[in-house]
Amino acid sequence: MDQHPLAFWSLPAAELLSRLKATPQGLTGDEARQRLARFGSNLLLPGKRSDSLALFLTQFKSPITLILLFAAGLSFFLHEHVDVLIILAIVFISGILGFWQERGAANAIKKLLAIVQIKAAVLRDGSPIEIPVEEIVPGDVIILNGGDIIPGDCLILESKDLFVDEATLTGETYPVEKSAGVLPEETQLSQRDNALFMGTHVVSGSAKAVVVCTGTKTEFGKVSERLKLRPTETEFERGVRRFGYLLMEITLLLVISIFAINAYLGRPVLESLLFSLALAVGLTPQLLPAIISVNLAHGAKRMALQKVIVKRLVSIENFGSMNVLCSDKTGTLTEGVVKVNSALDVEGKESEKVLFYVYLNAFFETGFTNPIDSAIRNYRQLDVSGCQKLDEVPYDFIRKRLSILVLKDDKHLMVTKGALQNVLSVCSSAETSDGNIVDIATVREHIQKCFERHSSKGLRVLGVAYRDVSETLITKDHEAAMTFSGFIVLFDPPKPGIADTINQLHHLGISLKVVTGDNKLVAANVSHQVGLSNPQILTGSDIRTMSDEALRNRVNDISIFAEVEPNQKERIILALKKSGNVVGYIGDGVNDASALHASDVGISVDSAVDVAKDAADIVLLEKDLGVLVQGVREGRITFANTLKYVFMATSANFGNMFSMAGVSLFLPYLPLLPGQILLTNLMTDIPEMTIATDSVDGEMVDHPRRWDIGFIRNFMLVFGVLSSVFDYLTFGALFFILHAAPDQFRTGWFMESVISASLIVLVIRTKKPFFKSIPGKYLAAATLLIAAIAFLFPFIPVGKVFGFTQLPVSFLLLMGGIVAVYIIAAEMVKAVFYRRVRF
């Protein structure tokens, strides 16, 4: 059995099962494991190799490293064996450090993602179990319900009131009804009503289906292969890429020029080549990808402790930059546990008949689990043994109604409940308290007043209607000429402490916008209870009449979007983004997927339906804004620490290498030998590898920050130039004052370079004076350790291998003085810089 093109929609279920060597009871566990090994994981993109050897080898694939290895081979051929050993040792140590950090990060993220893994219900050995969607194989029999993602291309074996959203594949706006059957082979994709396709999801109803194709063999897989789909590049990724290009351009220009000039000056070609390559290593932020990965992974682990699981690491930056958060009120502002307040007739009186009708509707509903029907079923246990369900028209977000047909007392009774206005729109009459049937127009005003009275108290009001039908099956067309029975009144109280949480979001620079399908009276009442005073409200009907430009001009001033339709959520998100905001959106329902995709940060919860959880960048283990507040703080700490590495790479490190390149043109010898440059680069990288654990000043997390390449460029110019100024002071002191021999010059320059680059980390890691901001213990320890090693290195035997020599006390005192003045000057320049340049 292979996943060859197969018109499976044209085959009877029994024949297809036979071809797949499967049964309606599913596969055995052994057979499923064999097929997984044969067909591979159910992924649209090939899984990355995660074995340690492959990860280790990737540490040496950068162009710079490959050129260094080539240079080592050339040195060996020319019998420069010491240079060979030095180059290989430093390249190997750098590779080990990168491998160790990245493997730890990868393992941590793998464990975190397992917590929020999307799973599918399948039949294995005849019993239903849940497995990760990646392990689905052809021949698996899957069980689907509302909100489930369809994990492969399937043929329906049986279904009940099944509606599927196929917009991602066919562009069809409305859910499509699906059922078992056989269709002609030439049936177009959008007309294959007996088939389900990967990348789509169940809106309502249930089904059992057999998987035919998985991964790239699916229809969705073929599209993604052709389009080479990849996630939208975040602002953070774009900033890192532009920063890398900036440094690489400067590096290439500098290195080629230095090599050409040194060769022109008659210096040995091999030595000049190795010197230029070593400068390239020092100038190139080759650890940037590893340090960013480690930093983001460390941040993700910290966020996990706050019950925030990061699915896409680069979204952490957007999470920290977020200044607008859009959220439904249910479960975030409120407790999320809906309870029945009362069942009322048209005149607003308690009614057992209305309660019975709405109980029938909720009891027999099978579309998808929802809190309203659960609340109705749990309110009171009523006897429905005399009723038999005949059919159902599931709820959808267009009609906003759910209809059930039951056989009761030899009559076919259809009961409908839903949003009040949507139920009233299909009613022609109403039943009064004494059982009389009157024209709906005579009581409509009274119904509206009753609705407004309860809504203004923060209660949610749904309508209930009924009619007798002669058929045994119903469609949405039967929702007409109905009799309005009354109301079901529900309540969901605000969460304790939610007002304080909203206040914390405000202090973090995040404005909360409520996006809800509830009517504006309910939304306004709840918003007032949670501390949103005098909120401006925009309704779905208002949005419907507005152009995109008009909506964009108003969204920043609106606090509550009420009576919003599902397709309008995406419009609101896009309007907020076009207004210059970084927008987060919390959603957990079937109708939230498009808004989650449109937002800068899609946030869902672990209890969400599969399609919402799959679309999210970040998953909260609790639907609680308090959890999100802590997650935002951790996201901003992660972003701040990532920027610290960028600042380090663009200040002392960059300045040192730039200075060395310049002075090499004027000295009668190289300022540092190639191996010494590589050692300098390695030692200054070590403190930077601990940056993920550094503490962060409160002012760096108190408001949203965004990647600013202009600010980074200015920082590089100011602090890179400052570093170069003191480098040239060092060169002048060594050459003109101390009259250092070549070995002494290189030793003095090595010590000053490494010690100053290490200590300057403590200065540029904070906007405050460095002695007022306590660094993380690992960063402080690594910085002081490297400074001590650099000081002692010339005095130990291995220092001689690198060509260093012991220095007189006068040299050491002068170098120490220059470093001290450099630190003081950096503090003074930093104070002026941050006063003039806002970040």
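This passage describes the overall make-up of a predicted model, three helix pairs and four single residues.

The structure is a predicted model, in which local features need pLDDT of at least 70 and side-chain atom pairs count only at pLDDT 80 or more, while totals for chains, interfaces and linings use all residues. Residues are numbered from 1 along each chain as its sequence is written, and side-chain values use heavy atoms, with hydrogens and water left out.

The secondary structure of the protein comes to 30 helices and 23 strands; these are DSSP runs numbered from the N terminus, with helices being H or I of at least four residues and strands E of at least two. The protein has 839 residues, of which 55% count as buried. Here buried means under 20% relative accessible area, exposed means over 50%, and partly exposed lies in between, with a 1.4 Å probe and protein chains only. Among contacts (heavy atoms within 4.5 Å) with a separation of 6 or more, 73% come from residues 24 or more positions apart.

Helix α28 (residues 777-792) offers a good place to begin with the packing, as α27 and α25 both meet this helix. The axes of α27 (residues 742-764) and α28 come within 9 Å and cross at roughly 170 degrees. Such axes are lines fitted to C-alpha atoms, for helices over the stretch in contact, and the angles run from 0 to 180 degrees between N-to-C directions. The two helices are therefore roughly antiparallel to each other, on a scale where angles under 35 degrees count as roughly parallel, over 145 as roughly antiparallel, 65 to 115 as roughly perpendicular and the rest as oblique. The crossing of α27 and α28 is left-handed, meaning that the near helix is turned anticlockwise from the far one by less than a right angle (clockwise would be right-handed). On the α27 side, the contact involves Phe750, Met751, Val754, Ile755, Ser758, Leu759, Val761 and Leu762, and α28 contributes Leu779, Thr783, Ile786, Ala787, Ala790 and Phe791. By class, this contact has 12 nonpolar, 2 polar and no charged residues; Ala, Val, Leu, Ile, Met, Phe, Trp, Tyr, Cys and Pro count as nonpolar, Asp, Glu, Lys and Arg as charged, and the others, Gly among them, as polar.

Helix α27 itself is mostly covered, with 19 of its 23 residues buried. From first C-alpha to last, α27 reaches 32 Å, close to the 33 Å expected at 1.5 Å a residue; the expected span is 1.5 Å times one less than the number of residues.

The second partner of α28 is α25 (residues 674-688), and the two axes come within 8 Å and cross at roughly 160 degrees. Helices α25 and α28 are therefore roughly antiparallel as well, and α25 passes α28 in a left-handed crossing. Met683, Ile686 and Pro687 of α25 meet Leu779, Ala782, Thr783, Ile786, Ile789 and Ala790 of α28. The residues of this contact divide into 8 nonpolar, 1 polar and no charged.

A third pair is formed by α12 (residues 352-364) and α13 (residues 371-379), whose axes come within 9 Å and cross at roughly 125 degrees. These helices are therefore oblique to each other, and their crossing is left-handed. Leu355, Val358, Tyr359, Asn361, Ala362 and Phe363 of α12 meet Asp373, Ile376, Arg377 and Tyr379 of α13, giving 7 nonpolar, 1 polar and 2 charged residues.

Single residues fill in the picture. Arginine 267 sits in the loop between α8 (235-264) and α9 (269-283) and counts as buried because its relative accessibility is 15%. The C-alpha atoms of arginine 267 and tyrosine 669 are 8.5 Å apart, although 402 residues separate the two in sequence. Beyond residues up to four places away in sequence, arginine 267 touches Asn262, Ser272, Ser664, Leu667, Pro668, Tyr669 and Leu670.

Valine 605, in strand β22 (residues 601-605), counts as buried at 1% relative accessibility. Leaving aside neighbours within four places, valine 605 is in contact with Gly587, Asp588, Lys613, Val619, Leu620, Glu622 and Lys623.

Two aspartates deserve a look at their backbone. Most residues other than glycine have a negative phi. Aspartate 125, however, has a positive phi of about 55 degrees; this residue lies in the loop between β1 (119-124) and β2 (127-132) and is exposed, with a relative accessible area of 55%. Aspartate 409 has a positive phi of about 55 degrees, lies in the loop between β12 (401-408) and β13 (411-419), and is exposed at 61%.
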